[in-house]
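Got a few minutes to get to know a new structure? Have a look at the picture first, then use the notes below to find your way around.

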Amino acid sequence: MKRLKSSDPGFAKAFARIVADRREADDDVSRDVANIIDRVKADGDAALADYTARFDKWTPAGEDDWRISKDACEAAFHALAPELRQALETAADRIAAYHRDQLPARRDYRDDQGVRLGAIWRPVDAAGLYVPGGRAAYPSSLLMNAIPARVAGVERLVIATPTPGGQINDLVLAAAHLAEVDEIWRIGGAQAIAALAHGTKRIAPVDVVTGPGNAWVAEAKRQLYGTVGIDMVAGPSEILVIADKDNRARHIAADLLSQAEHDPMAQSILITDDNDFADRVADAVGVELAQLPTRRVAEASWRDHGVIIEVASLDEAPALANALAAEHVELAVADPEPMLEAIRHAGSVFIGRHAPEAVGDYVAGPNHVLPTGRRARFASGLSVLDFMKRTSFIELDEAALAAIGPAAVALAEAEGLYAHARSISLRLQGNAK
Ligand SMILES: NC(=O)c1ccc[n+]([C@@H]2O[C@H](COP(=O)([O-])OP(=O)(O)OC[C@H]3O[C@@H](n4cnc5c(N)ncnc54)[C@H](O)[C@@H]3O)[C@@H](O)[C@H]2O)c1
Ligand SMILES: N[C@H](CO)Cc1c[nH]c[nH+]1
Ligand SMILES: [Zn+2]
């Protein structure tokens with residue numbers, strides 16, 4: 001963990017290094033991912049078998065083993081302990097309610113020159129939904145992917161999730177039943193993204209691939225954009241907590257570790273204006289780590305990518321937050337509203353002392369699949385619109401063409417595109433006859 005003070009002479013340089021801290025695809029990861037994509041494109045299912053054996057340490061017993069049946073998902077759902085089933089349903093209901101509100105309306109109007117204009121939103125036919133499964137299983141990410149896809153009206157929902165060592169997570173299956181997914185394939189990493197994008201003999205290709213994952217998954221989505229649509233690049237998790245001294249140090253420590261435990265490459269940063277509070281949080285991280293049944297990943301992440309920044313005044317925080325453009329930002333301060341307004345680049349903001357980021361990971365409602373690596377400068381969290389596309393339409397009658405056609409003819413001739421001009425002017429002359 002690094003400690004920085006904004007008043008130190010070397011702060012600007014040290015902060016620039018934190019901003020540039022690349023926890024995603026370095027050159028090695030990019031090259032490996034490009035090779036994996038090429039191999040899956042060339043060898044399809046055979047490549048998937050090789051990579052699954054190598055990275056997930058699992059070889060299926062037979063053809064049927066690659067895919068998890070709907071019956072298995074239904075059985076897993078009915079076998080859930082009542083509290084867990086209730087929790088899953090609460091999450092699903094809240095996610096569905098939030099995302100239903102994102103459905104776009106059809107636009108259809110006639111302007112004052114008589115031209116009818118509009119746009120129709122339609123779902124893609126098939127969506128590939130990546131559900132991480134390397135270090136932990138992510139039933140919550142299954143809901144976050146599948147529910148907006150269903151709300152959008154996508155016909156075919158295809159999950160890809162790794163099952164390391166052959167271990168299948170029952171809650172992932174139960175979530176798949178609840179969200180009514182169509183296919184679940186036991187593949188992960190860059191090879192899964194490549195299979196969804198290009199298709200193999202076994203797996204039909206999809207139109208859009210969404211969802212979070214580690215550096216290899218995120219880089220594969222980035223490289224395959226264009227072959228398929230993607231939501232955005234959602235890689236190793238990040239949290240920025242802006243906190244004043246009136247918080248409980250252990251609460252803030254736990255918040256920082258909540259994202260650190262996702263990945264040794266996750267990034268957790270605290271900005272505070274109080275030296276004593278900064279010391280207490282640093283100590284509390286140690287205390288909280290000791291409470292965790294598994295702490296290896298959180299420990300490594302906090303050691304390598306944890307940062308505590310002391311500022312003279314919290315007024316400095318929004319500019320630092322905008323430079324970081326973090327996936328998650330917590331505002332644990334007395335007056336969070338002005339900060340919410342001032343922070344322009346963040347995937348999701350958690351307002352006040354009682355809004356720990358982890359609640360957004362599971363049950364708040366907004367999507368937890370969010371841009372990382374400073375991409376909140378230009379990208380947003382997964383939404384219903386990521387599963388839809390818009391077709392515009394234009395209708396003109398003779399009078400409408402007469403009203404706007406001459407301007408188009410002038411522009412076409414100015415571009416030297418005379419066939420364009422004539423396709424309009426011939427009709428205008430015809431109208432004149
Ligand atoms: N940004 C978001 O919205 C968001 C949401 C949830 C989770 N996450 C992130 O998802 C990630 C989950 O990571 P995970 O690893 O547990 O699961 P994962 O499913 O993303 O990755 C596991 C796969 O990575 C591949 N892999 C691992 N090491 C490799 C190597 N050396 N070379 C090539 N491929 C390799 C393997 O194919 C393996 O199946 C974490 O980084 C977490 O922070 C992000
Ligand atoms: N914090 C993750 C997004 O970075 C989402 C998640 C799922 N489960 C727990 N957390
Ligand atoms: Zn999380």
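Before we talk about who touches whom: two residues are in contact if their C-beta atoms, placed from the backbone, lie within 7 Å. Keep in mind that this is a predicted model. With that cut-off in hand, here's a first case: setting aside residues up to four places away in sequence, Glu327 touches Ser237, Glu238, Gly347, Leu370, Pro371, Thr372 and Ala376.

**The big picture**

- The chain's secondary structure adds up to 17 helices and 15 strands.
- Along its principal axes, the C-alpha trace spans about 90 × 60 × 45 Å.
- The chain has 433 residues, and 42% of them are buried.
- Take the contacts between residues at least 6 apart in sequence: 75% of these join residues at least 24 apart.

**The "active site" pair**

- An unreviewed UniProt entry puts the annotation "active site" on Glu327 and His328.
- Glu327 sits in the loop between helix 13 (317-324) and strand 13 (328-332), while His328 belongs to strand 13.
- Are these two buried or exposed? Glu327 has 30 C-beta neighbours inside 10 Å, so Glu327 counts as buried. His328 is buried too, because 26 other C-beta atoms lie within 10 Å.
- Leaving out neighbours within four places in sequence, His328 is in contact with Glu238, Ile239, Leu240, Gln259, Gly347, Ser348, Phe350 and Glu357.
- Glu238 and Gly347 turn up among the contacts of Glu327, and also among those of His328.

**Around ligand 1**

- Which residues come nearest to ligand 1? Of the 30 residues around ligand 1, they are Gly134, Gly188, Gly189, Pro212 and His262.
- Sorted by class, this shell holds 13 nonpolar, 12 polar and five charged residues.
- Helix 8 (189-198) and helix 9 (215-224) each chip in at least two residues of the shell around ligand 1.
- Where does ligand 1 lie relative to the domains? Both domain 1 (2-23 + 236-364) and domain 2 (27-110 + 125-231) give residues to its shell, so ligand 1 lies between them.

**Around ligand 2**

- The residues around ligand 2 are Tyr138, Ser140, Ser141, Ser237, Gln259, Glu327, Asp361 and His368.
- By class, that shell has one nonpolar, five polar and two charged residues.
- Domain 1 (2-23 + 236-364) and domain 2 (27-110 + 125-231) each provide at least three residues of the shell around ligand 2.
- Glu327, from the "active site" annotation, is one of the residues in this shell.

**The "binding site" residues**

- UniProt, again in an unreviewed entry, places the feature "binding site" at Gln259, His262, Asp361 and His420. They span 162 residues in sequence, and the farthest two C-alpha atoms are 55.7 Å apart, so they do not all gather at one spot.
- His262 is in the loop between helix 10 (249-260) and strand 11 (267-272). It has 23 C-beta neighbours inside 10 Å, so His262 counts as buried.
- Not counting neighbours within four places in sequence, His262 is in contact with Pro236 and Ser237.
- Asp361 lies in helix 15 (residues 357-362). With 20 C-beta neighbours inside 10 Å, Asp361 counts as buried, and the cut-off for that label is 20 or more.
- Leaving aside neighbours within four places in sequence, Asp361 is in contact with Ser140 and His368. Ser140 and His368 are also among the residues around ligand 2.

**The nonpolar core**

- In soluble globular proteins, nonpolar side chains tend to be buried together.
- Here, the largest nonpolar core has 115 residues, and Ala127, Ile193 and Ile242 touch the most other members. Helix 6 (residues 139-152) gives the most to this core, with eight residues. The core draws at least three residues from each of domain 1 (2-23 + 236-364) and domain 2 (27-110 + 125-231).
- Ile193, leaving aside neighbours within four places in sequence, is in contact with Tyr130, Val209, Val217, Ala220, Lys221 and Leu224.

**One more stop: Leu4**

- Leu4 is in strand 1 (residues 2-5) and counts as partly exposed, because it has 19 C-beta neighbours inside 10 Å.
- Apart from residues up to four places away in sequence, Leu4 touches Phe11, Ala14, Phe15, Val307 and Ile309.
- Leu4 and Val228 are 224 residues apart along the chain, and 42 Å separates their C-alpha atoms.

Methods
Residues numbered from 1 in each chain as written. Chains lettered and ligands numbered in written order. Predicted model: local features only at pLDDT ≥ 70, side-chain atom pairs only at ≥ 80, totals over all residues. Near = placed C-beta within 6 Å. Helix = DSSP H or I, 4+ residues; strand = E, 2+ residues; numbered from the N terminus. Nonpolar A, V, L, I, M, F, W, Y, C, P; charged D, E, K, R; others polar. Domains from an automatic or database assignment. UniProt positions renumbered as here; feature names shortened; annotations may be inferred. Buried ≥ 20, exposed ≤ 12 C-beta atoms within 10 Å, placed from the backbone. Core = buried A, V, L, I, M, F, W, Y, C linked by C-beta atoms within 7 Å.
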